[in-house]
Amino acid sequence: PAFQRDHRARHAGRRALLVPAPGSQHTFGVVIVAEFFRRSGWDVRGEPNATETDIKNSLGGEWFDVLGLSVGSECLLPAVSSAILGLRKASRNPSLVVMVGGPIVASTADFVTRVGADGTAPDAAAAVALAETLVSRRAAPP
C-alpha cells in the first residue's frame with residue numbers, strides 16, 4: 001500500500017502495454033512491473049486475460065513504445081516467438097520495443113534471442129531502465 005500511495009502520476013510521453021504472453025497464466029509479475037513503470041512516469045496499459053488478437057488490436061489501435069510479455073512456461077517458447085512476429089507487424093509503432101520476462105526467461109540463457117525479443121531484465125526496476133534505454137536508442141537519429 002505504501003508503494004502505491006507514494007506514486008505520483010507524471011506521464012513522460014512513454015507508453016507501455018504489459019501483458020502475459022498469449023497462453024500464459026503468469027499475471028502477478030505483470031502487475032508488479034506495471035506499477036514500477038507507472039512510478040517512473042510511463043502510461044501503462046494491460047489486460048491480464050488478453051488473447052493474441054486482443055494484443056494485436058491494442059497495438060494496432062494505439063501507439064505503444066514498449067510491449068512487455070510475461071512468460072511462465074518454456075513450452076510457450078514457439079508460441080511466443082510466433083506471437084512476437086505477428087505483434088510487431090500489427091503495431092502502429094514500427095520501432096516497437098518488445099521485452100520479455102518471467103521465471104522461464106530468467107532460467108533460459110538465450111530465451112530473448114530465441115523468441116525475437118529486444119531484451120529482458122532481472123527485476124522490475126531494471127526493466128524500466130532497460131525500456132528507457134531501448135526506446136531512446138530507437139528514437140535517436142542515425
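## A121 and its loop

A121 sits in the loop that runs between α6 (111-115) and α7. This is a predicted model, and in it A121 comes out as partly exposed, with a relative accessibility of 23%. The cut-off for buried is under 20% and exposed begins over 50%, so a residue at 23% falls in between.

Where does A121 stand relative to V105? The two are 16 residues apart along the chain, and their C-alpha atoms are separated by 9.3 Å. We'll meet A121 again at the pocket.

## The overall fold

Stepping back to the whole chain, there are seven helices and four strands. Reading from the N terminus, the order is α-β-α-β-α-β-α-β-α-α-α. In other words, helices and strands take turns up to β4, and the run ends in three helices.

The chain has 142 residues, and 41% of them count as buried.

## The largest pocket

How much space lies in the largest pocket? It holds about 450 Å³. There are 25 residues in its lining, and the ones closest to the pocket centre are V33, V100, G101, G102 and A121. So much for the middle of the pocket; the elements around it come next.

Six elements each give two or more residues to the lining: β1 (15-20), α2 (28-39), β3 (66-70), β4 (97-101), α5 (103-107) and α7 (124-139). Which of the elements gives the most? That's α2, with five residues. As for chemistry, the lining divides into 17 nonpolar residues, seven polar ones and just one charged.

## D43 and R15

D43 belongs to strand β2, which covers residues 43-45. With a relative accessible area of 15%, D43 is under the 20% cut-off and therefore counts as buried.

What does the side chain of D43 touch? One partner is R15, whose side chain is joined to that of D43 by a polar contact of 2.9 Å. Another is R45, where the side chains make a polar contact at 2.5 Å.

R15 has something else going on too: its charged end sits over the ring of F64, 4.6 Å from the ring centre. So R15 has a polar contact with D43 as well as a place over an aromatic ring.

## The aromatic pair

There's one aromatic pair in the structure. It is made by F37 and W42, with ring centres 5.1 Å apart and planes at 80°, so the pair is edge-to-face. The reasoning is simple: planes over 60 degrees apart count as edge-to-face, and 80° clears that bar.

Are these two residues buried or exposed? F37 is buried, at 2% relative accessible area. W42 is buried as well, and its value is 0%.

## Two buried residues around β4

L96 lies in the loop between α4 (77-90) and β4. L96 is buried, with only 1% relative accessible area. Its C-alpha atom is separated by 8.6 Å from that of R138, although the two are 42 residues apart along the chain.

F111 is part of helix α6, and at 0% relative accessibility F111 counts as buried. How far is F111 from V100? Between their C-alpha atoms there are 8.7 Å, for residues eleven apart along the chain. V100, you'll recall, is among the residues closest to the centre of the largest pocket.

Definitions and conventions: Residues numbered from 1 in each chain as written. Predicted model: local features only at pLDDT ≥ 70, side-chain atom pairs only at ≥ 80, totals over all residues. Heavy atoms only, no water. Phe/Tyr/Trp six-rings, centres within 6.5 Å; stacked < 30°, edge-to-face > 60°. Buried < 20%, exposed > 50% of the residue type's maximum accessible area, 1.4 Å probe, protein only. Lys NZ or Arg CZ within 6 Å of the ring centre and 35° of its normal. 1 Å grid on protein atoms, 1.4 Å probe; cavity = no way out; pocket = protein on both sides within 12 Å on 5 of 7 lines; lining within 4 Å. Points joined across faces, edges and corners; volume = space filled by probe spheres on them. Nonpolar A, V, L, I, M, F, W, Y, C, P; charged D, E, K, R; others polar. Polar contact = N/O pair within 3.5 Å; in protein donor to acceptor, adjacent residues only side chain to side chain.
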